[in-house]
Structures are given as structure tokens and as C-alpha cells.
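User: I am new to this structure. Please walk me through it.

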Amino acid sequence: MNHFARSFDWRKVECSKKPFPFLNTEDGFTEIHEWIEKQREDINKKDVIVGMEPTGHYWINLAIFLIGCGYKVVHVNPAHVKKSKEMDDNSPSKNDRKDPKVIAGLVSEGRYCIPYIPDGIYADLREYNFQIRQITQRSTELKNLIARWFSIYFPNFLDVYSSYTAKSALMVLDVAPLPDDIVKLGEDGINKIWRDAKLRGVGPKKASELVEAARHSVGSKRAADAAREEIKRHIRDLKQAMEDLAKLKTVTETVLLKVPYIEKLLAIKGVGFGTALGFVAEVGDISRFHNPKELQKLAGLQIVNNESCKYKGRPHISYRGRKHLRYVMYEAAISVLGHCEEFQVIHKHFTERKQNPLRKMQSVIAVSCKLIRIFYAVLTRGIDFDAKKMLADIRWEEEAA
């Protein structure tokens, strides 16, 4: 992976003669460090700001290295780079040699942010949460592939089993996945598999239903050998993914409980392990935020107005920031609305009030923002969530009249 660097002073005057290429390796990092020091000596400057565009994951190791060298590393929003790239040459072209100049111009104008690189348990939780999302996504893909397989080769298998993940079903599929295999195995053969495994809850009746379904199956009989290997591989991979996920969640829960006041967050009705993990993993050390509005902005849930002169458009959320945090808060809002009566009261008030009633989705977003404020108060001050106090803080319509 090649990086390119260019040097500019605070007046946007380029000090480097040409873009400096370097690799994403130890030697490349050493070269860029020496190049920066030479640029600083040549123009007789003390302070250096290194601006970069945080696309993908390639910036992480470079940023950690440069911060360790004592430089101030900042991020420039990729959307800003995209929108301002034509200001210098009136060309929509984009390349690794042109982008450093655009980034430098934005940095000189102060249009940057300081990146947050979590450390300690917050770094662990972010990585664990990423792995859990990966395994969950892979499990979903495998389940879809298995559903496709059943639709083609054994459509009425799920008439006998509501779920193919049942232990007795997996045992049969491992030995006889296709309808012809089950018919050949017979009721006695299926019962023997279950008896050898000392499995309870299934017997001749279930075996008879399975053989009967196999006899009347309309599934495809083409490529039988390939079909057997496919379903065995998918089920094996799914079982492994489920085992990995269970182990990973156990380890992650141990680390999560080390976060200050996290047990008070988990005590809120409707807030479970997944919500707490997702929130802490995305936010990191919450003490770095001055108020909950900063968290709301980080999640892309701040309200954006669309007004011009007499025109007043419909406000909407910004959708900027960390999309996974926004998803976590949306799922948390749905969960608390299903488990906590006080949040149901708030939701009903938002949707049924006479002045400016909200649509259901708007109300869910409002509840998400309310949860952000609650999470912030709980995790920064260590207070217990008080549902009655939350209701008292709502400006009810009767009081506002």
C-alpha cells in the first residue's frame, strides 16, 4: 500500500517540490518521519500538523506511529475532500497525488478533527465488538445458504422440523441429508442414530414423519454428491460460527464488566449485553465528551433543519458519524419500548400530543436521543436510572399550556 505526502505552510504555499511516496511498512514509516523532519528544518518551523483522510483501515498504524513521534495527527472528512477537490484546478479528478494538497488546504483552514484511538479495555471492546459483528454476519449468510439448499433439495424438511438447528435434525442431516438418503436409511436407521447419541424427546413418531416427508419430497435430485457436500459444509461452518460466537461473547462480557458503572447501565429494563457492548465499543471512554449532545452528533442523530427565507423543509437527522452507534441506539430504543412502561408512556405522548405530534419513527429517534442522555448520565456520574424522574423531566402538554 502506497501513501503520498506533500508539505505546505500555514499560507497554503507548498514547501515540498513533489509528492513524497512511501510504503505502509516500517521502512516507509521511517522514511516519512525523516522527510517530515527535513521539511521542518528547511522552512524553519517548529510545529507540524499531519492531516490524513481516514478511508479504510490503512491510516491506523501510520497515525499511531506519527503520534508516537510527537506529531499532531488530524483527520479530514472524506466528504469535505470530495466536495472541495475542484477548487484548485476546476477538475473532478481524484488521485493520491492531488488529495494531499486538498487535505492540506482544509487543515490550514482548521477544518479537521482529532482522531480518537481507543486504548486499554476500550480498544479490546471495540475489537471484540467488530469480531462479533463479523461472525454474526457470516452466520446470517450461512443460514441464507442453508435455506436456499432446503428450498432446492428438500423443501418439506421444515414441515417436520420448525428449525434445522435442532440437535436431532443436525444428526440426521449429517448422515443422510437428501430425501433418498433418508428413505434408504429408514425409520429404524434414524432411530438408531438418536439412540446411540442417547437423545431424548424424539423417537419413532418423528422418524416416521421424516421418512414420509422424504418419500413425497419434490426436491431436485441433480448433482446429489455435490448437494451432500454443500449442506454438510454449511452446517459445519454454522456450528463452528455459533461456537465461536458463544465463546467470544463470554470473553467480551468479562471485559465489559470492567467498564466503570456498566452494571448500572445493564440494570435499565430493555438494555442488555449487546446494547451496552455496542455503545461502549463505539463511544470508547465516555469521559472525553463534555455533554450528551456531542454523543448525539457522533451517532448522526442531531437534528438538521432545512430552511431558506420563507421555505421551511422537514427537519431530519444528519446520518453523519458512526453508523453502528446509530444502529445500536435505534435497536436500544426498540428494546426499551418493549420492556419499559415509562418509555412506552413517552412514546405515546410524542405520537399523540396535540401540538407537533411525531410519527412513530420520529418518536423512536427521539427515544434514542433520550437514551443517549441517560447513558451519558449513568456512565459519567454513576447514578442509578430513575424512570419516575425521567417522566418528571418531560414537558407535558398540560403544563406547557
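Analyst: The questions below start with the whole fold and then turn to single residues; the model is a predicted one.

User: How many helices and strands are there in the protein?
Analyst: The secondary structure includes helices and strands. The count is 18 helices and eight strands.

User: Is the protein a compact globule or more spread out?
Analyst: For 401 residues the globule rule gives 21 Å. The radius of gyration is 29 Å, well over that value. The C-alpha trace spans about 90 × 65 × 45 Å along its principal axes. The radius therefore points to a protein that is more spread out than a compact globule.

User: What share of the contacts in the protein joins residues 24 or more positions apart?
Analyst: The contacts considered have a separation of 6 or more. Among these, residues 24 or more positions apart account for 62%.

User: What percentage of the residues count as buried?
Analyst: Buried means under 20% relative accessible area. Of the 401 residues, the buried share is 40%.

User: How far apart are the centres of the positive and negative side chains?
Analyst: The protein carries 65 positive and 52 negative side chains. Each set has its own centre, and the two centres lie apart by 4 Å.

User: Which helix supplies the largest share of the largest nonpolar core?
Analyst: This core has 51 residues, and L265, F279, M329, F343 and F375 touch the most other members. Several helices supply at least two residues each, including α5 (121–153), α10 (224–256), α14 (323–339) and α16 (360–381). The largest share is eleven residues, and it comes from α16.

User: How many residues are in the second, separate core?
Analyst: This core includes V160, L170, M171 and A227. It is separate, and its residues number 31.

User: Which residues does M329 touch, not counting those up to four places away in sequence?
Analyst: M329 is one of the residues that touch the most other members of the largest core. Beyond its sequence neighbours, M329 touches F279, L301, S368, L371, I372 and F375.

User: Is T275 buried or exposed?
Analyst: T275 lies in helix α12. Leaving aside neighbours within four places, T275 is in contact with V328, A332 and F375. Its relative accessible area is 13%. The cut-off for burial is under 20%, so T275 is buried.

User: Why is helix α4 described as largely enclosed by the rest of the structure?
Analyst: Helix α4 covers residues 99–108. Its buried residues are D99, P100, V102, I103, G105, L106 and V107. The cover over them includes β1 (2–5), β3 (49–52), β4 (72–75) and α3 (78–84). The helix is largely enclosed because the buried residues make up seven of the ten.

User: Which residue with a positive phi follows α4?
Analyst: The residue sits in the loop between α4 and α5. Its phi is near 80°. It is partly exposed, with a relative accessible area of 44%. The residue is G110.

User: How far is G110 from V76, C-alpha to C-alpha?
Analyst: The two residues are 34 residues apart along the chain. Their C-alpha atoms are separated by 9.6 Å.

User: Is N44 buried or exposed?
Analyst: N44 lies in the loop between α1 (26–43) and β3. N44 has a positive phi of about 55°, although it is not a glycine. Its relative accessible area is 67%. Exposed means over 50%, so N44 is exposed.

User: What is the phi of Y261?
Analyst: Y261 is found in the loop between α10 and α11. Y261 counts as partly exposed, at 34% relative accessibility. Although Y261 is not a glycine, its phi is positive, at about 65°.

User: How far apart in space are K264 and I372?
Analyst: K264 lies in helix α11. Beyond neighbours within four places, K264 is in contact with V378, G382, I383 and D384. K264 and I372 are 108 residues apart in sequence. C-alpha to C-alpha, the two are apart by 14 Å.

User: Which residues does D237 touch, not counting those up to four places away in sequence?
Analyst: D237 is found in helix α10. D237 counts as partly exposed, at 27% relative accessibility. D237 and S139 are 98 residues apart in sequence and 8.4 Å apart in space, C-alpha to C-alpha. The residues that D237 touches are R138 and L142.

Methods:
Residues are numbered from 1 along each chain as its sequence is written. This is a predicted model: local features need pLDDT of at least 70, side-chain atom pairs count only at pLDDT 80 or more; totals for chains, interfaces and linings use all residues. Side-chain values use heavy atoms; hydrogens and water are left out. A nonpolar core is a set of buried Ala, Val, Leu, Ile, Met, Phe, Trp, Tyr and Cys residues joined through side-chain atoms within 4.5 Å. Buried means under 20% relative accessible area, exposed over 50%, partly exposed in between (1.4 Å probe, protein chains only). Helices (H or I, at least four residues) and strands (E, at least two) are DSSP runs, numbered from the N terminus. Contact means heavy atoms within 4.5 Å. The radius of gyration is taken over C-alpha atoms; the globule rule is 2.2 Å times the number of residues to the power 0.38. Lys and Arg count as positive and Asp and Glu as negative; His and the chain ends are not counted. The place of a charge is taken as NZ of Lys, CZ of Arg, CG of Asp or CD of Glu.
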